[in-house]
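This report describes the fold of one protein chain and the surroundings of its ligand. The structure is shown first, and the description follows.

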Amino acid sequence: MVERAKRLVSRSEGPMPDLPEITLRPIGVVRNGVKDTNTLAEIEVDGLKSRIVIRPEYEEGLLGLDAWSHILVLFWPHQVPEEVRGSKLRLHPRDDPENPLQGVLATRAQIRMNPILCTAVRLLGVKGNVLRVQGLDAIDGTPVLDIKPYIARFDSVPEATMPEWVTGGAEMGKGK
Ligand SMILES: C[S@@+](CC[C@H](N)C(=O)[O-])C[C@H]1O[C@@H](n2cnc3c(N)ncnc32)[C@H](O)[C@@H]1O
């Protein structure tokens with residue numbers, strides 16, 4: 001009985017610790033002339049070219065980036081109102097009732113609790129503090145939190161599996 005109780009206790013994760021609030025300062029901004037998300041939804045995002053303007057004081061941090069063909073861009077969808085963030089724990093992906101109800105953390109929805117979005121994009125060039133990229137599903141003025149080189153060996157998992165609402169049925173495109 002005591003052994004069983006011990007096992008149960010050791011398996012418990014315990015209470016959630018008092019985790020700190022985290023403040024982030026964007027390192028740059030997206031510029032592409034796409035003024036709103038409705039416009040973005042009408043565009044073929046894979047072909048969309050954007051500039052990412054990095055804060056001039058961080059320009060030195062871009063040394064060597066131009067040797068990479070692709071980068072990961074982490075960005076913050078600033079036009080999602082604060083009260084909408086994390087407001088739905090379950091949703092139909094892409095607002096399509098045909099898609100099965102999913103936990104928000106099982107989707108790529110932008111209305112998540114901490115909406116840190118991440119997209120792999122083609123890096124077309126780097127000049128000074130400005131990156132030119134293609135395929136970024138962010139609107140003009142979007143704050144950029146971070147960028148990292150895309151390393152296929154680490155960031156791509158060819159044998160990854162996913163649910164049918166992603167692989168079959170409706171088109172799954174960036175910005176859709
Ligand atoms: C569904 S999220 C996915 C982003 C990223 N590919 C990911 O998987 O993390 C992309 C959508 O966020 C929305 N979005 C982009 N920039 C935004 C911004 N600055 N404010 C609010 N919504 C934005 C657009 O509707 C865009 O199609």
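## Where β1 meets its neighbours

G28 has V144 in β8 as its bridge partner. The two strands involved, β1 and β8, pair in the antiparallel sense over 2 bridges. These statements, like the others in this report, concern a predicted model.

Strand β1, residues 28–31, also runs antiparallel to strand β2, residues 49–54, and 4 bridges join the two. One residue of this pairing is R31, whose bridge partner in β2 is R51. Strands of a sheet pair through backbone hydrogen bonds, in either the parallel or the antiparallel sense.

## The closed barrel

Which strands form the barrel, and in what order? There are 6 of them, and they close in the order β1-β2-β7-β6-β3-β8, with antiparallel pairing. On average, and with direction ignored, neighbouring strands of this sheet are turned by 45 degrees against each other.

Strand β3 offers two further examples of pairing in this barrel. With β6 it pairs in the antiparallel sense over 6 bridges, and H70 stands opposite R122 of β6. With β8 the pairing of β3 is again antiparallel, over 5 bridges; here V73 has I147 in β8 as its bridge partner.

## The two faces of β3

In a regular strand, side chains alternate between the two faces of the sheet. Strand β3 displays this alternation. I71, V73 and F75 point to one face and are buried, whereas H70, L72 and L74 point to the other face and are not buried.

## The nonpolar core

The largest nonpolar core contains 20 residues. Which of them touch the most other members? They are V30, I52, V73, V121, V133, L136 and V144. The elements that give two or more residues to this core are β2, β3 (70–75), β6, β7 (130–134) and β8 (143–149).

V121, a member of this core, lies in strand β6. Why does V121 count as buried? A residue is buried if 20 or more other C-beta atoms lie within 10 Å of its own, and V121 counts as buried because it has 25 C-beta neighbours inside 10 Å. Leaving aside neighbours within four places in sequence, V121 is in contact with H70, I71, V73, V133, Q134, G135 and L136. One of these residues, G135, is 14 residues from V121 along the chain, yet their C-alpha atoms are separated by 5.3 Å.

## The surroundings of the ligand

How many residues surround the ligand? There are 18, and the closest are T37, P77, Q79, R108 and L117. By class, this shell has 8 nonpolar, 7 polar and 3 charged residues.

Helix α2 (37–42) and strand β6 (117–127) each supply at least two residues of the shell. The largest share, 3 residues, comes from β6. Strand β6 thus appears in two settings, as it also gives two or more residues to the largest nonpolar core.

## A loop with positive phi values

Most residues other than glycine have a negative phi. R94 has a positive value instead, near 55 degrees. D95 also has a positive phi, near 60 degrees. R94 lies in the loop between β4 (90–91) and β5 (102–103), and D95 has its place in the loop between β4 and β5 as well.

Are these residues buried or exposed? R94 is partly exposed, because 16 other C-beta atoms lie within 10 Å. D95 counts as exposed, because it has 8 C-beta neighbours inside 10 Å. The limits behind these words are 12 or fewer such atoms for an exposed residue and 20 or more for a buried one, with partly exposed in between.

## The chain as a whole

The secondary structure of the protein chain comes to 4 helices and 8 strands. From the N terminus on, its elements run α-β-α-β-β-β-β-β-β-β-α-α.

The protein chain has 176 residues, of which buried residues make up 16%. Among its contacts between residues at least 6 apart in sequence, 75% join residues at least 24 apart.

Methods: Residues are numbered from 1 along each chain as its sequence is written. This is a predicted model: local features need pLDDT of at least 70, side-chain atom pairs count only at pLDDT 80 or more; totals for chains, interfaces and linings use all residues. Two strands pair if DSSP finds at least two bridges between them. Axes are lines fitted to C-alpha atoms, for helices over the stretch in contact, and angles run from 0 to 180 degrees between N-to-C directions. A residue is near a molecule or strand if its C-beta atom, placed from the backbone, lies within 6 Å of it. Ala, Val, Leu, Ile, Met, Phe, Trp, Tyr, Cys and Pro count as nonpolar, Asp, Glu, Lys and Arg as charged, and the others, Gly among them, as polar. A nonpolar core is a set of buried Ala, Val, Leu, Ile, Met, Phe, Trp, Tyr and Cys residues joined through C-beta atoms within 7 Å. Two residues are in contact if their C-beta atoms, placed from the backbone, lie within 7 Å.
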